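Student: I've got a model open and I'd like to talk it through with you. Can we go piece by piece?

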Amino acid sequence: MTPSSMILSEAHQILQGTDSLGRTLTIRRINALDRLRLLKAAGPELSQNDAWLNMAVLAFSVTEVNGTPRVTPVNERQIEAIVSELGDSGLQAIADALNQAEVASSLLDGAPEGNAEGTPI
């Protein structure tokens, strides 16, 4: 696999998570264009609110709930509707799935050549 194809496969990574209510959530990592669109949907005030944006990013990354496709939100009201539908258990499941994927990909990176992790250069 070439470095370019590895980057593309990670960018299009689809994840699955199950929340405490038993709902299956299909999640994708958002990319730079998605972040730009999220900021546009949030508007100038909410774009400065880190707590709101953190929850919105989780909602923005959901593509399906129990196999039912979800439309990518384009405004504040749609983002809030998704957050409301997901609730705390859905948002936690999304965060957990994204964190697990991040840990798994960092395990594949390996230690720098010539030095074990923690070895002074």
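Tutor: Sure, and keep in mind that this is a predicted model. Let's start at a helix end: Asn49 caps the N-terminal end of α3.

Student: Which backbone nitrogen does the side-chain oxygen of Asn49 lie 3.2 Å from?

Tutor: The cap sits at the N-terminal end of α3, a helix that spans 50–60. The partner of the Asn49 oxygen, at 3.2 Å, is the backbone nitrogen of Ala51.

Student: Which residues of α3 are buried?

Tutor: α3 supplies at least two residues of the largest nonpolar core, and Trp52 is among the residues with the most contacts inside that core. The buried set in α3 is Trp52, Leu53, Ala56, Leu58, Ala59 and Phe60.

Student: Which element gives the largest share of that core?

Tutor: The core has 27 residues. β2, α2, α3, β3 and α4 each supply at least two of them. With eleven residues, the largest share comes from α4.

Student: Leu86 is listed among the best-connected core residues. What is Leu86 in contact with, leaving aside neighbours within four places in sequence?

Tutor: Leu86 falls inside α4, which runs 76–109. Nonpolar side chains tend to be buried together in soluble globular proteins. For Leu86, the contacts are Arg23, Leu25, Ala59, Val62, Val65, Leu91 and Ile94.

Student: Is Ile30 buried or exposed?

Tutor: Ile30 lies in the loop between β2 and α2. Not counting residues up to four places away, Ile30 touches Arg35, Val57, Phe60 and Ser61. Its relative accessible area is 17%, and the cut-off for burial is under 20%, so Ile30 counts as buried.

Student: How far apart are the C-alpha atoms of Ile30 and Val62?

Tutor: Along the chain, Ile30 and Val62 are 32 residues apart. In space, their C-alpha atoms are separated by 9.6 Å.

Student: Now the sheet. Which strands are at its edges?

Tutor: Four strands form an open, antiparallel sheet in the order β1-β2-β3-β4. An edge strand pairs on one side only, and that description fits β1 (14–18) and β4 (68–69).

Student: Which residue is the bridge partner of Leu15 in β2?

Tutor: β1 and β2 (residues 24–28) pair in the antiparallel sense over five bridges. The partner of Leu15 in β2 is Ile27.

Student: Last one: what pattern does the protein follow along the sequence?

Tutor: There are four helices and four strands to place. Read along the sequence, the pattern is α-β-β-α-α-β-β-α.

How values were computed: Residues are numbered from 1 along each chain as its sequence is written. This is a predicted model: local features need pLDDT of at least 70, side-chain atom pairs count only at pLDDT 80 or more; totals for chains, interfaces and linings use all residues. Side-chain values use heavy atoms; hydrogens and water are left out. Two strands pair if DSSP finds at least two bridges between them. A nonpolar core is a set of buried Ala, Val, Leu, Ile, Met, Phe, Trp, Tyr and Cys residues joined through side-chain atoms within 4.5 Å. Buried means under 20% relative accessible area, exposed over 50%, partly exposed in between (1.4 Å probe, protein chains only). Contact means heavy atoms within 4.5 Å. A polar contact is a pair of N or O atoms within 3.5 Å; within protein, one must be able to donate a hydrogen and the other to accept it, and residues adjacent in sequence count only if both atoms are side-chain atoms.
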